[in-house]
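Work through the exercises below with the sequence and the model side by side. Try each task before reading its solution.

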Amino acid sequence: GNFNEHEYNGFTVVVNRRQYRNWQMNASYTWSEVYGNGEDFDQILGTDPTLVDQEEGYLAYDQRHVFKLNATTIIPWGGGFRFGTAVQWQSGLPYSLLTRRLRLDAIPPVFTGLATPEARTRLQYETGQRNTERNESWWTFDIHLAKEWNMRGGINLQVTADVFNLLNDNHLTVLSNINGNTIQFRDF
């Protein structure tokens, strides 16, 4: 049977300010933690019985801190300009360091000869535990600018400009992705 499990704890604080005097804001902060071994059906390390005590750890989506701020304002002296921004700060996700080592098995997987051990490659957690390393945290800044004109006949014309990832940060680069988990390999 599948006896894997995980425990998720978290809390969120949200501050909302509705549109009043030409500006509004939505801000939130979330702290969370998820720990266990119930994450993947087909782990890269397989079902190696020697790694059972190392399979438990922080799950790949364990993100401790997330801060989000969305704000918009109407500039009355600007002739109908709307300016908005979205700012996000997120802590890094966990990942595992794996080591590829040669092991001598007393009983080879294929029973061709039981007298001599057979060498084969095995993966193991370099730190002795799963997902002990953390990626760096990152910021994301987006801006929005809009200008609106009222035309004849009740028609409105609006021109908008959006800039996403204003700092051109490449924090979304994944170097090695196996079964949805970011893993770094080291060969010895």
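Arg 134 forms a salt bridge with Asp 62, their closest N and O atoms being 2.3 Å apart; a salt bridge is here a side-chain nitrogen of Lys or Arg within 4 Å of a carboxyl oxygen of Asp or Glu. This pair links distant parts of the chain, since Arg 134 belongs to strand β8 (residues 133-134) and Asp 62 to the loop between β3 and β4, 72 residues apart. The model is a predicted one, in which local features need pLDDT of at least 70 and side-chain atom pairs count only at pLDDT 80 or more, whereas totals for chains, interfaces and linings use all residues. Residues are numbered from 1 along each chain as its sequence is written, and side-chain values use heavy atoms, with hydrogens and water left out.

**Exercise 1. The salt-bridge network**

Task: Find which residues are joined into one network by salt bridges that share partners.

Solution. Begin with Arg 134 and Asp 62, the pair with closest N and O atoms 2.3 Å apart. Salt bridges that share partners join Glu 33, Asp 62, Arg 64 and Arg 134 into one network. Next, follow Asp 62 to Arg 64, with which Asp 62 forms a salt bridge whose closest N and O atoms lie 3.2 Å apart. Then go from Arg 64 to Glu 33, where the closest N and O atoms of the salt bridge are 3.4 Å apart. Arg 64 lies in the loop between β3 (57-58) and β4 while Glu 33 lies in strand β2, so this pair ties together parts that are 31 residues apart in sequence. As a last check, the count of salt bridges comes to 3.

**Exercise 2. Accessibility within the network**

Task: Decide whether Asp 62 is buried or exposed, and then treat its partners in the same way.

Solution. The classes come first: buried means under 20% relative accessible area, exposed means over 50%, and partly exposed is in between, computed with a 1.4 Å probe on protein chains only. Asp 62 has 0% relative accessibility and therefore counts as buried. Arg 64, with a relative accessible area of 18%, is buried. Glu 33 is partly exposed at 23%, and Arg 134 is partly exposed at 31%.

**Exercise 3. The surroundings of Ser 32**

Task: Locate Ser 32 and say which residues Ser 32 touches, not counting residues up to four places away in sequence.

Solution. Ser 32 is found in strand β2, which covers residues 23-36; strands (E, at least two residues) are DSSP runs, numbered from the N terminus. With 8% relative accessibility, Ser 32 counts as buried. Contact requires heavy atoms within 4.5 Å, and with residues up to four places away set aside, Ser 32 touches Tyr 8, Asn 9, Gly 10, Asp 62, Gln 63 and Arg 64. The side chain of Ser 32 also reaches the backbone oxygen of Gln 63 at 2.8 Å. Finally, the C-alpha atoms of Ser 32 and Val 66 are separated by 8.8 Å, although these residues are 34 residues apart along the chain.

**Exercise 4. Strand pairing**

Task: State how many bridges join β2 to strand β4, and then continue from β4 to β5.

Solution. Two strands pair if DSSP finds at least two bridges between them. Strands β2 and β4 (residues 65-75) run antiparallel and are joined by 9 bridges, and Trp 31 stands opposite His 65 in β4. From β4, 10 bridges lead to the antiparallel strand β5 (residues 81-90), where Trp 89 stands opposite Phe 67. Gln 90 is also placed in β5 and is buried, with a relative accessible area of 13%. Leaving aside neighbours within four places in sequence, the contacts of Gln 90 are Gln 63, His 65, Val 66, Ser 137 and Trp 138.

**Exercise 5. Asparagines in loops and in a strand**

Task: Determine where Asn 22 is placed, and describe Asn 165 and Asn 156 along with it.

Solution. Asn 22 is in the loop between β1 (6-20) and β2, and has a positive phi of about 70° although it is not a glycine. At 32% relative accessibility, Asn 22 counts as partly exposed. Asn 165, in the loop between β10 and β11 (177-178), has a positive phi of about 55°, again without being a glycine, and is partly exposed at 25%. Asn 156 is in strand β10 (residues 156-163) and is partly exposed, with a relative accessible area of 48%. Apart from neighbours within four places in sequence, Asn 156 is in contact with Glu 148, Trp 149 and Asn 150.

Notes:
Helices (H or I, at least four residues) and strands (E, at least two) are DSSP runs, numbered from the N terminus. A polar contact is a pair of N or O atoms within 3.5 Å; within protein, one must be able to donate a hydrogen and the other to accept it, and residues adjacent in sequence count only if both atoms are side-chain atoms.
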